[in-house]
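Biologist: Could you take a close look at how the helices of this chain pack, beginning with one pair and working outward from there? I would like a connected account.

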Amino acid sequence: MTTPEGAARTAIVTVDDDAGVSRAVARDLRRRYGEQHRIVRAESGDAALEALREMRLRGDEVAVIVADYRMPGMNGIEFLERAMDLYPAARRVLLTAYADTGAAIDAINVVDLDHYLLKPWDPPEEKLYPVIDELLSKWQEEERRPVHVTKVVGHRWSARSSEVREFLARNQIAYRWYESEGPDGQRLMEAAGADGVRLPVVITPDGDALVEPTDAELASCVGLATTPSKDFYDLIVIGGGPAGLGAAVYGASEGLRTVLVERTAVGGQAGQSSRIENYLGFPDGVPGAQLTDRARRQATKFGAELLTTRDVVGLDVNGSARTVRFADGGTIDAHTVILATGVSYRQLAAPGLDEMTGRGVYYGSTLTEAAACAGQDIYIVGGANSAGQAAVYLARQAKSVTILVRGPSLERSMSYYLIQQIRGIDNIAVRVCTEVIAAEGSDHLESLTLRDTPTGATETVGAQWLFLFIGAAPLTDWLDGVVDRDERGFVIAGPDLSVEGDRPRGWELDRAPYHLETSVPGVFVAGDARADSAKRVASAVGEGAMAVMLVHRYLEKL
Ligand SMILES: Cc1cc2nc3c(=O)[nH]c(=O)nc-3n(C[C@H](O)[C@H](O)[C@H](O)COP(=O)(O)OP(=O)(O)OC[C@H]3O[C@@H](n4cnc5c(N)ncnc54)[C@H](O)[C@@H]3O)c2cc1C
């Protein structure tokens, strides 16, 4: 089989078991169509199907398939029938000898044949080209465009399918979603040889199929760095939200060998915000993903290394080196570390919610799921800005959005501008003094039980979508016994470490901790993970930058 190198032009595929005939057809096709089309030639039905499968996975388009009728093993009709599963829109031509015209006529019904051509087809100008010209123009009328992006085939209510989409979206990887039960999804799975039991199937732009991939497998397949290039750095930044990105930009731009380590995708909470309205310099607001993607590019431009899907689980002090341990056992060392691990949504403890997470119940992730909930009734739990922003965003496409708030009003927890916006949107309702006490559903969320807190009265409502934005906790248990934290797990820094003027326990330096320095010299904290921080994008970015300034001060005295 020959598949010419080159760009992914629309293909014309020809298959004939007689090598001489096969070459002759391909030669004639190439002569007239070779400029605009790839001519793909195979010498058996199996080889041609293999080529079609590869092309399907790559997202290439096939305009015309020309198959010989008499082939051993699989005749032309059987081949075209199977080819239709992969490329239903491709135009189909059967090559037959005069004696086989009966079979060719039958094939018009079996495989919806567009044309049959009698051998020999000389001169091609009279017999072959007019047929192919017409089929190509018919095919083009249908405007089939090649798809050269990552494709995800999954089930709408599969938790892992949802996580994979979220991962790709947060890492700014363009992808196209296919329902595993839809015809296109089925075709892709067939081409990938997937059984449909293990989902999702992710097909890279190069045509590699990954079945139920881990985040790390996805990251390396879509070209995200996961492994550090050095053993030793000046600065390790843990966490890729605004604070970590701010630290990486300033660290790298000021000549520090800087690596940023992120558990999932850079952007942090800000990357999940549909529109940040109060960040300086953006009077019309800015989508969080856009802001953090710019920061990511800026950090990379200055030479910072950005590692994703690496979960940090330990921090050790080894003399003047600070060692960071990954969940998979790997380590890296540096002179200094900035903790920028932010906060994560707390999970709501109510029967049924865990089982339905990713199947109609989502923590954050409104941006990824928004399109799927168009025209539907949506519930949001939370009274802070994140919940308000999500409601405004989802209300554009949803039938209705109901915000469930435990407290008596939004005023105490949400910005004034956002409350005003919500009041002006007809399809958003706010239910105060209400909590979710149970979720039910078989393979996806079907109903919620709500309780009115003052009266205790309960009510069950039909619901397919629930988004939760309830408070946030710093996930810093892995720092236990290493750096001082407050009773909620936030990292204490600078002057807050001094108890009645005393230095922190174990602190051996002559000087007091710098402003954002933790109880371990050379380890700093920035952003939401810091005790009593402002919990704002601007302050997180500012602290990231300021921590780098203090890193320089620390390094000067090392
Ligand atoms: C939906 C939403 C809307 C918001 N809107 C606004 C707004 O309009 N204006 C505003 O000022 N603020 C807003 N905020 C708050 C703002 O986004 C946060 O204050 C800010 O993102 C904090 O930045 P950070 O870098 O400190 O932490 P985060 O953004 O939380 O980032 C921390 C990062 O560290 C990673 N991480 C955590 N632990 C580890 C580990 N052990 N190993 C590796 N990586 C780890 C996490 O995966 C995460 O990516 C919003 C927040 C949300 C959720």
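Modeller: In this predicted model, helix H14 passes helix H15 in a left-handed crossing. The two helices, H14 spanning residues 385-395 and H15 spanning residues 416-423, pack at an angle of about 30°, and their axes lie 10 Å apart; since angles under 35 degrees count as roughly parallel, H14 and H15 are therefore roughly parallel to each other. On the H14 side the contact is made by Asn385, Gly388, Gln389 and Val392, and on the H15 side by Tyr417, Leu418, Gln421 and Ile422. Sorted by character, the residues of this contact between H14 and H15 comprise 4 nonpolar and 4 polar, with no charged.

A second pair is formed by helix H1 (residues 19-33) and helix H6 (residues 129-141), which pack at an angle of about 60° with their axes 11 Å apart, and which are therefore oblique to each other. Here H1 passes H6 in a right-handed crossing. Asp28, Leu29, Arg31, Arg32 and Tyr33 of H1 meet Tyr129, Ile132, Asp133 and Leu136 of H6, and the residues of this contact divide into 5 nonpolar and 4 charged, with no polar.

Helix H16, residues 537-556, has 20 residues and reaches 29 Å from its first C-alpha to its last, close to the 28 Å expected at 1.5 Å a residue. Its buried residues include Val537, Ala540, Glu543, Gly544, Ala547 and Val548, and the buried residues of H16 pack against helices H10 (242-253) and H11 (288-301) as well as strands E10 (232-238), E14 (321-326), E15 (331-339) and E26 (523-525).

Conventions. Residues numbered from 1 in each chain as written. Predicted model: local features only at pLDDT ≥ 70, side-chain atom pairs only at ≥ 80, totals over all residues. Heavy atoms only, no water. Helix = DSSP H or I, 4+ residues; strand = E, 2+ residues; numbered from the N terminus. Expected span 1.5 Å × (residues − 1). Buried < 20%, exposed > 50% of the residue type's maximum accessible area, 1.4 Å probe, protein only. Contact = heavy atoms within 4.5 Å. Axes fitted to C-alpha atoms, helices over the stretch in contact; angles between N-to-C directions. Parallel < 35°, antiparallel > 145°, perpendicular 65-115°, else oblique. Left-handed = near helix turned anticlockwise from the far one by under 90°. Nonpolar A, V, L, I, M, F, W, Y, C, P; charged D, E, K, R; others polar.
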